[in-house]
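Here are some short exercises to work through with a structure viewer open. Try each task before reading its solution.

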Amino acid sequence: KILVAGASGGCGKRVVDVLSSRGVPVRALVRDVSKATSGSGLLAGVVRGDVFQYASLPPALDGCAAVVCCTGASDPRDPLGPFNVDFQGTLNLIAAAKQAGVKHFVLVTSIGADELINPLNLFWGVLFWKKRAEEELQRSGLTYTIVRPGGLKSKLGDGESAGNVVMAAPGTYGFPPRKSGSILRTQVAEVCVAALTEPAAANKVVEVIAEKDAPAKAWADLFSAVNWF
């Protein structure tokens, strides 16, 4: 069974849908059960919990072999949001996952996490706190994969193609002069699910965007090509 945290959000819902479509048992952790819906109705395996409230996590993790964490602060009016959710909430989930004997922890953050001087940090230091959470996961002893997507899109514009996933080492994409890029949330979900079973994804930080002219590659080849951990 896989626990998906932040399952009512854009990427989390899609991770649940991908896992469910493949017959993988899922537990969808959400703060607000009323928001736990996807295109096919109520998300599978919904449980109520809050990563900022540690006591809610051990019951949610009971019997889970892996975690996919798609949480993220969403209210720009809350100056403590990124600290509470992206940092402290993720640390709570890491601690609960260790206690539960979880075998693999996939964490979704963002390109630009290495950059202190990035416009996104105007949102109460959100990238700074995502990076601190990444470091805690890397030090935890858990097998991990950190997925840093580019700009997230829910759907394509008129005449736009999805392109193929491009995967690179941390620090490849970000604020200029670094290259940037975007990716569909459904593609990010596919990356997360692939990370759970691809041996080459273990203990790596990967940055992902989609490019229309990029060749289609197998997940094993994409993860194997990222050699800086």
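The exercises below concern this predicted model, and each comes with a worked solution.

**Exercise 1. Place Thr90: find its element, decide whether it is buried or exposed, and list its contacts from farther along the sequence.**

Solution. Start with the secondary structure: Thr90 belongs to helix H3, which covers residues 81-100. Next, take the relative accessible area, which is 2% for Thr90. Buried means under 20%, so Thr90 is buried. Finally, leave out residues up to four places away in sequence; Thr90 then touches Cys69, Thr71, Val85, Leu107 and Ala133.

**Exercise 2. Find how many aromatic pairs the whole structure holds, and classify the pair Phe83 and Phe87.**

Solution. Searching the whole structure gives four aromatic pairs. For Phe83 and Phe87, the ring centres lie 5.6 Å apart and the planes meet at 40°. Planes under 30 degrees apart count as stacked and over 60 as edge-to-face, with the rest tilted, so this pair of Phe83 and Phe87 is tilted. Now look at the sequence: the two residues are four apart in helix H3, and therefore Phe83 and Phe87 are separated by about one helical turn. As for burial, Phe83 is partly exposed at 28% relative accessible area, whereas Phe87 is buried at 12%.

**Exercise 3. Classify the pair Phe128 and Trp129, then describe what surrounds Phe128.**

Solution. The ring centres of Phe128 and Trp129 are 4.9 Å apart, with the planes at 85°, so the pair is edge-to-face. Both residues are partly exposed: Phe128 has a relative accessibility of 32%, and Trp129 has a relative accessible area of 22%. Together with Phe83 and Phe87, Phe128 and Trp129 make up one aromatic cluster. Then look over the face of Phe128, where Arg132 lies at 4.5 Å from the ring centre. Phe128 also joins Leu116 and Ile117 in a nonpolar surface patch, whose accessible area together is about 340 Å².

**Exercise 4. Locate Leu116 and decide whether it is buried or exposed.**

Solution. Leu116 sits in the loop that runs between strand E7 (104-108) and helix H4 (126-139). Its relative accessibility is 60%. The cut-off for exposed is over 50%, so Leu116 counts as exposed.

**Exercise 5. Describe the setting of Gly150, and say how far it is from Ile209 in sequence and in space.**

Solution. Gly150 lies in the loop between strand E8 (144-149) and strand E9 (151-153). With a relative accessible area of 7%, Gly150 is buried. Along the sequence, Gly150 and Ile209 are 59 residues apart, and their C-alpha atoms are 5.3 Å apart in space. Leaving aside neighbours within four places, the contacts of Gly150 are Ile111, Gly181, Ser182, Ile183, Val208 and Ile209.

**Exercise 6. Do likewise for Ala66: give its strand, its burial and its distance from Val4.**

Solution. Ala66 is part of strand E6, residues 66-69. Its relative accessible area is 6%, so Ala66 is buried. Ala66 and Val4 are 62 residues apart in sequence, and 8.7 Å apart in space from C-alpha to C-alpha. Not counting residues up to four places away, Ala66 touches Lys1, Ile2, Leu3, Val102, His104 and Leu196.

Conventions: Residues numbered from 1 in each chain as written. Predicted model: local features only at pLDDT ≥ 70, side-chain atom pairs only at ≥ 80, totals over all residues. Heavy atoms only, no water. Buried < 20%, exposed > 50% of the residue type's maximum accessible area, 1.4 Å probe, protein only. Contact = heavy atoms within 4.5 Å. Phe/Tyr/Trp six-rings, centres within 6.5 Å; stacked < 30°, edge-to-face > 60°. Lys NZ or Arg CZ within 6 Å of the ring centre and 35° of its normal. Patch = residues over 30% accessible without salt bridge, like charges linked within 9 Å, V, L, I, M, F, W, Y side chains within 5 Å. Areas by Shrake-Rupley, 256 points an atom, 1.4 Å probe, with all protein chains shown as cover. Salt bridge = Lys/Arg side-chain N within 4 Å of Asp/Glu carboxyl O.
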